[in-house]
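The following exercises are to be worked with the sequence and the structure in view. Each task is followed by a solution in steps.

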Amino acid sequence: MTKLFIIGNGFDSAHRLKTSYENFKGYLTSNCSGINLEQLIVPEAISEADGGITYDENEVISMLFYLLNQAERNTEQWQAKIKSGKKKWFDEVEWGEVETSLGRLDFDEVFEWYDDILDDDGDIDLFKTANRNSDRASQLTIPTLTIQSLFTAWINTINLDSAKPKEEFQKLVNNQDYFLTFNYTETLEKLYEIKEDNICHIHGKQNTEIFFGHGNLNDYTEYYMQNHIGSEDSLNNINDQLRKKTDIALENNQEFFDNLEEVDIKEVYSYGFSFSEVDEIYLEEICNRTNTENVIWYFNDYDADKHYKYKQVLKGCGYKGSFDTFNISK
């Protein structure tokens, strides 16, 4: 019998790898002493001698973290956790929450700094206001998209030197099992000697092209036009560029999902996986390729308080099997 493992960042964290959002922030801030997280800073373009444009790294990182923090704190999920006492403002943020926040970046504050431009009659000059907003919005594009290149650079610095295999997990897996991993590291290959042919790095891995971003498909064009006329093209471009290319990731890994139809999968184990909305496309693919009525889905008992949510997500993706838990000691 072949088992399928769904591996998320919690798996790497359990192996003491420094792969958390806080580690990412630490990487960026370690060499940048002038970062300001208390107010929104819009980086000013710096013209180079060759005609190119660059930006001050401190300003770019300050803006990115400020926007992400604001987006995260404004979500209903976060507010509910705060009210219930389950989360404090300073608690560590999960990657799923970060990626969700990338799809909800709020640039309103940028435009609130400016009054509408009026014509001689005291009415809003839509043409001049739109041009001003367009210029301002275009200044946000490159700095905001920089988060993807910064993320990739950080991912490539993570090493497995201090990681050790977990005996209980080692006993659970065998060479016939399949692994869908959302991690960019080669923890499975190097610590557990899993065959590469049985592993799908769905979002890429270190030193290759990686996929990182949100899954928000909402169209905010009307909102941008009504509130900041002229900004819509640039802000929509930012949303599009920060969207995780899940359709491409799925297309690139069709062979892996095709193989799932050929093997007799009766057990699925999710380990450190947060069941984020942006990743549901892959869960739906698994449910479409597997006779889930005969499957038991095992959740790691480490995050038992989230199992109800996970079950609802899976049922929404078409899962019809049963559930259980498994344990891996810390």
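Contact, as used below, means heavy atoms within 4.5 Å. The model is a predicted one.

**Exercise 1. Describe the packing of helix H3 against helix H5, and state which residues meet.**

Solution.
Step 1. Locate the elements: H3 covers residues 57-73 and H5 covers residues 95-102.
Step 2. Choose the descriptors. Two packed helices are described by the angle between their axes and the distance between the axes.
Step 3. Apply them: the axes of H3 and H5 come within 9 Å and cross at roughly 100°.
Step 4. Classify the angle. Angles of 65 to 115 degrees count as roughly perpendicular, and H3 and H5 are therefore roughly perpendicular to each other.
Step 5. List the residues: Leu68, Ala71 and Glu72 of H3 meet Glu97, Val98, Ser101 and Leu102 of H5. By character, the residues of this contact comprise four nonpolar, one polar and two charged.

**Exercise 2. Determine the strand order of the open sheet and identify which strands stand at its edges.**

Solution.
Step 1. Read the order: six strands form the open sheet as S5-S4-S1-S6-S7-S8, with parallel pairing.
Step 2. Find the edges. Strand S5 (199-201) and strand S8 (322-326) each have a single partner strand, so one side of each lacks a neighbour in the sheet.
Step 3. Add the twist, which averages 20° from one strand to the next.
Step 4. Examine one pair: S1 and strand S6 (residues 265-271) are joined in the parallel sense over six bridges. Within this pairing, Leu4 has Val268 in S6 as its bridge partner.
Step 5. Add a helix. H15 packs on the sheet and touches S7 and S8, its direction making about 145° with that of S7.

**Exercise 3. Decide whether His307 is buried or exposed, and list what it touches.**

Solution.
Step 1. Place the residue: His307 belongs to helix H15 (residues 307-316).
Step 2. Apply the cut-off. Buried means under 20% relative accessible area; at 8% relative accessibility, His307 is therefore buried.
Step 3. List the contacts. Leaving aside residues up to four places away in sequence, His307 touches Phe299, Asn300, Asp301 and Thr325.
Step 4. Consider a spacing: His307 and Phe323 lie 16 residues apart along the chain, and their C-alpha atoms are separated by 9.5 Å.

**Exercise 4. State which residues of helix H14 are buried and which elements they pack against.**

Solution.
Step 1. In H14 (residues 280-289), the buried residues are Tyr282, Leu283, Glu285, Ile286, Cys287 and Arg289.
Step 2. These buried residues pack against strands S1 (2-7), S4 (178-181) and S7 (296-300), and against helices H12 (246-252), H13 (254-262) and H15.
Step 3. Set this in the context of the chain: 48% of its 330 residues count as buried.

**Exercise 5. Locate Glu193 and Asn207, and assess the phi and the exposure of each.**

Solution.
Step 1. Glu193 lies in the loop between helix H9 (187-192) and S5, whereas Asn207 lies in the loop between S5 and helix H10 (221-227).
Step 2. Glu193 has a positive phi of about 55° although it is not a glycine. Asn207, also a residue other than glycine, has a positive phi near 65°.
Step 3. Exposed means over 50% relative accessible area. Glu193, at 65% relative accessibility, counts as exposed, and Asn207 is exposed with a relative accessible area of 64%.

Notes: Residues are numbered from 1 along each chain as its sequence is written. This is a predicted model: local features need pLDDT of at least 70, side-chain atom pairs count only at pLDDT 80 or more; totals for chains, interfaces and linings use all residues. Side-chain values use heavy atoms; hydrogens and water are left out. Axes are lines fitted to C-alpha atoms, for helices over the stretch in contact, and angles run from 0 to 180 degrees between N-to-C directions. Helices (H or I, at least four residues) and strands (E, at least two) are DSSP runs, numbered from the N terminus. Angles under 35 degrees count as roughly parallel, over 145 as roughly antiparallel, 65 to 115 as roughly perpendicular and the rest as oblique. Ala, Val, Leu, Ile, Met, Phe, Trp, Tyr, Cys and Pro count as nonpolar, Asp, Glu, Lys and Arg as charged, and the others, Gly among them, as polar. Buried means under 20% relative accessible area, exposed over 50%, partly exposed in between (1.4 Å probe, protein chains only). Two strands pair if DSSP finds at least two bridges between them.
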